Amino acid sequence: MSNNNPDYKSFTDEELIFKFQKEDVEAFNEIVFRYKDRLVNFLFRYTGNRDDSEDLAQDTFLKLYRSKHLYREIAKFSTWFYTIAINIAKTNLRKKSRHKAISLSSFDPEGEKDFELTANVISPDETANASIENYYIQKAIDSLGESFKEVIILRDIQDFEYEEIAQITGLPLGTVKSRINRGREKLKEILSEIYKPEE
Amino acid sequence: MHEEEKNIDIRKKLKNLPKVKASDEFVNSLQRKINLVEAEKSSRSIHKKYVDNIEKGFFAKILGSQRNPWLIPALGFTVVLFFIFTVVYINVKQNNLDITEDQTKEDESPITLKTDEVETLKESVEDVETGDIESLGKEIAEDISTEGIDDLRAPEVSVRGYTESDELRKETKTSDKDEFTEGLIIEKQKTYFEKTEDKLEEETGVDTEEPDVLKTQKVEKKVDAMVRSKEEENKKVGDRKEKKVEANKEKEEMERSIKGLNEIDQSDLERLQEEVIND
């Protein structure tokens with residue numbers, strides 16, 4: 001999987017995907033090399049779970065591998081690729097929420113309910129966060145609504161432009177802007193409630 | 001831009017979040033997943049090639065796909081069924097044509113009754129006394145004089161037992177009482193022959209009420225023949241009666257002439273003897 005060919009590094013994302021559409025597997029390797037960390041980071045912030053983020057990132061690359069022929073040069077490759085990632089992440093979140101509901105309603109014969117670990121419980125994934133503040137910021141992001149979370153992550157963590165976010169989410173530009181602002185305010189509010197740094 | 005500056009602190013915090021990197025195993029596990037996908041793809045293509053090879057067969061070309069192999073025996077069975085049906089249908093049609101031809105020939109040929117049937121018919125016809133018929137005619141004539149023709153007129157029943165329509169009845173209505181009584185006599189004969197028809201059914205086993213048109217036609221013809229024979233016999237009886245009456249008349253005349261001869265006086269005889277002697 002390692003890419004030793006320096007020529008591929010000079011290609012743009014779009015050039016790489018076109019090469020991959022012509023069955024050039026090296027181009028795909030270069031795309032994986034360029035996007036794996038960014039994608040895992042985005043998905044970790046979106047899901048709040050390290051294992052899930054890696055799995056979802058792999059699923060996104062697999063989807064790209066299978067559906068490479070669907071890309072057309074009407075949008076940037078990164079926009080198209082993140083659209084795939086966000087759709088996979090949303091589907092996974094819905095599946096998980098269904099699973100959680102079943103797990104909570106299940107009956108324990110010994111009288112002790114074995115609840116699923118929710119986002120409010122500290123898990124080993126949080127070791128990725130260097131400080132407690134970062135941990136609470138992540139908790140605040142997790143507690144945001146789905147519509148606010150995706151735009152905040154895309155804008156403030158992944159550094160996408162408003163237009164790009166509008167393309168990825170399929171929302172109008174104005175809606176994206178307003179959601180980002182409201183999301184930030186909400187995030188600030190949540191953080192002030194759950195985390196008060198010691199002066 | 002104003003909005004960006006407004007929440008600058010939270011933006012900074014989000015930007016400063018540590019970047020999570022993919023694990024070292026990420027690429028390897030991705031490679032494994034890709035290999036699985038490739039294997040699935042290749043197995044699918046192998047299966048497709050296999051299916052394509054099978055589809056080159058005769059039935060596959062007809063049916064288009066080997067995925068439904070049960071279609072082959074089903075198709076064969078359908079073809080055999082169709083063949084059997086066609087053969088049977090043609091045979092039945094041919095047989096029906098032959099039967100109808102035979103029946104038309106039979107209908108054209110004169111009715112020949114067996115000797116047993118003829119004897120039984122004769123016996124049954126003889127059972128009806130002519131006196132009964134005449135007495136019935138007289139009774140009806142009396143009733144007509146008291147009640148009128150239309151009320152008494154019985155529904156004309158055909159040999160088959162169908163009641164004729166009112167229009168037909170009007171057409172056949174006769175004003176003459178004698179004609180009417182004759183008609184009633186014929187009706188009586190017809191009803192009688194209906195009874196004999198039933199007897200025939202019992203003896204010959206031919207069901208006249210059976211919806212078979214040919215059978216009913218046959219029976220009708222038989223009954224018509226019987227009606228004709230009865231009419232002829234009636235005529236014969238009438239002729240015999242007339243002859244009897246004539247013979248009686250002749251006898252009476254003869255007796256009268258004999259009586260006249262007997263009444264000739266003895267004196268006349270003596271006178272005649274004298275004249276003969278004198279001469």
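**Exercise 1. Which residues in α4(A) are buried?**

Solution. The model used in these exercises is a predicted one, and the place to begin is the helix itself. Helix α4 of chain A covers residues 50-66, and it has 17 residues. From its first C-alpha to its last, α4(A) reaches 24 Å, which is close to the 24 Å expected at 1.5 Å a residue. A residue is called buried when 20 or more other C-beta atoms lie within 10 Å of its own. In α4(A) the buried residues are Ser53(A), Glu54(A), Leu56(A), Ala57(A), Gln58(A), Thr60(A), Phe61(A) and Leu64(A). When reading such a list, it helps to recall that an α-helix has 3.6 residues a turn, so residues three or four places apart point the same way.

**Exercise 2. Describe the make-up of chain A and of chain B, taking the two chains one after the other.**

Solution. Begin with chain A, which has 9 helices and 0 strands, so that its pattern along the sequence reads α-α-α-α-α-α-α-α-α. Of the 199 residues in chain A, buried residues make up 31%. Among the contacts in chain A between residues at least 6 apart in sequence, 58% join residues at least 24 apart.

Then turn to chain B, whose secondary structure comes to 12 helices and 0 strands, with the elements running α-α-α-α-α-α-α-α-α-α-α-α from the N terminus on. Buried residues make up 8% of the 279 residues in chain B. For contacts in chain B with a separation of 6 or more, residues 24 or more positions apart account for 61%.

**Exercise 3. Determine how far α7(A) is enclosed, and what follows α7(A) along the chain.**

Solution. The first step is the length: α7(A) has 12 residues and reaches 16 Å from its first C-alpha to its last, close to the 16 Å expected at 1.5 Å a residue. The second step is burial, and here 9 of the 12 residues of α7(A) are buried, so this helix is largely enclosed by the rest of the structure. Those buried residues are Lys149(A), Glu150(A), Val151(A), Ile152(A), Ile153(A), Leu154(A), Arg155(A), Asp156(A) and Ile157(A).

The third step looks just after α7(A), where Asp159(A) takes a positive phi of about 60°. Asp159(A) lies in the loop between α7 (146-157) and α8 (162-169) of chain A, and it is exposed, with 10 other C-beta atoms within 10 Å.

**Exercise 4. Find a second residue of chain A that has a positive phi although it is not a glycine, and describe its surroundings.**

Solution. Most residues other than glycine have a negative phi. Glu23(A) is not a glycine, yet it has a positive phi of about 65°. Its place is in the loop between α2 (13-21) and α3 (25-47) of chain A. Glu23(A) is exposed, with 9 other C-beta atoms within 10 Å.

**Exercise 5. Describe how α3(A) packs against α7(A), and then how α6(A) packs against α9(A).**

Solution. Two packed helices are described by the angle between their axes and the distance between the axes. For the first pair, the axes of α3(A) and α7(A) come within 10 Å and cross at roughly 145°, and α3(A) passes α7(A) in a right-handed crossing. From α3(A) the contact is made by Phe42(A), Arg45(A) and Tyr46(A), and from α7(A) by Lys149(A), Glu150(A), Ile153(A) and Ile157(A). By class, this contact has 4 nonpolar, no polar and 3 charged residues.

For the second pair, helix α6 (residues 132-143) and helix α9 (residues 173-194) of chain A pack at an angle of about 130°, with their axes 9 Å apart. That angle makes α6(A) oblique to α9(A), and α6(A) passes α9(A) in a right-handed crossing. In this contact, Tyr136(A), Ile137(A), Lys139(A), Ala140(A), Ile141(A) and Ser143(A) in α6(A) meet Leu187(A), Ile190(A), Leu191(A) and Ile194(A) in α9(A). The residues of the contact divide into 8 nonpolar, 1 polar and 1 charged.

**Exercise 6. How many residues of chain B are in contact with chain A?**

Solution. In chain B, 22 residues are in contact with 26 residues of chain A. On the side of chain B that touches chain A, α2 (8-15) and α3 (25-55) of chain B each supply at least two residues. The largest share of that side, 8 residues, comes from α3(B). Divided by class, the residues of the side of chain B that touches chain A are 11 nonpolar, 4 polar and 7 charged.

Notes: Residues are numbered from 1 along each chain as its sequence is written. Chains are lettered from A and ligands numbered from 1 in the order in which they are written. This is a predicted model: local features need pLDDT of at least 70, side-chain atom pairs count only at pLDDT 80 or more; totals for chains, interfaces and linings use all residues. Helices (H or I, at least four residues) and strands (E, at least two) are DSSP runs, numbered from the N terminus. The expected span of a helix is 1.5 Å times one less than its number of residues. Axes are lines fitted to C-alpha atoms, for helices over the stretch in contact, and angles run from 0 to 180 degrees between N-to-C directions. A crossing is left-handed if the near helix is turned anticlockwise from the far one by less than a right angle, and right-handed if clockwise. Two residues are in contact if their C-beta atoms, placed from the backbone, lie within 7 Å. Ala, Val, Leu, Ile, Met, Phe, Trp, Tyr, Cys and Pro count as nonpolar, Asp, Glu, Lys and Arg as charged, and the others, Gly among them, as polar. Angles under 35 degrees count as roughly parallel, over 145 as roughly antiparallel, 65 to 115 as roughly perpendicular and the rest as oblique.
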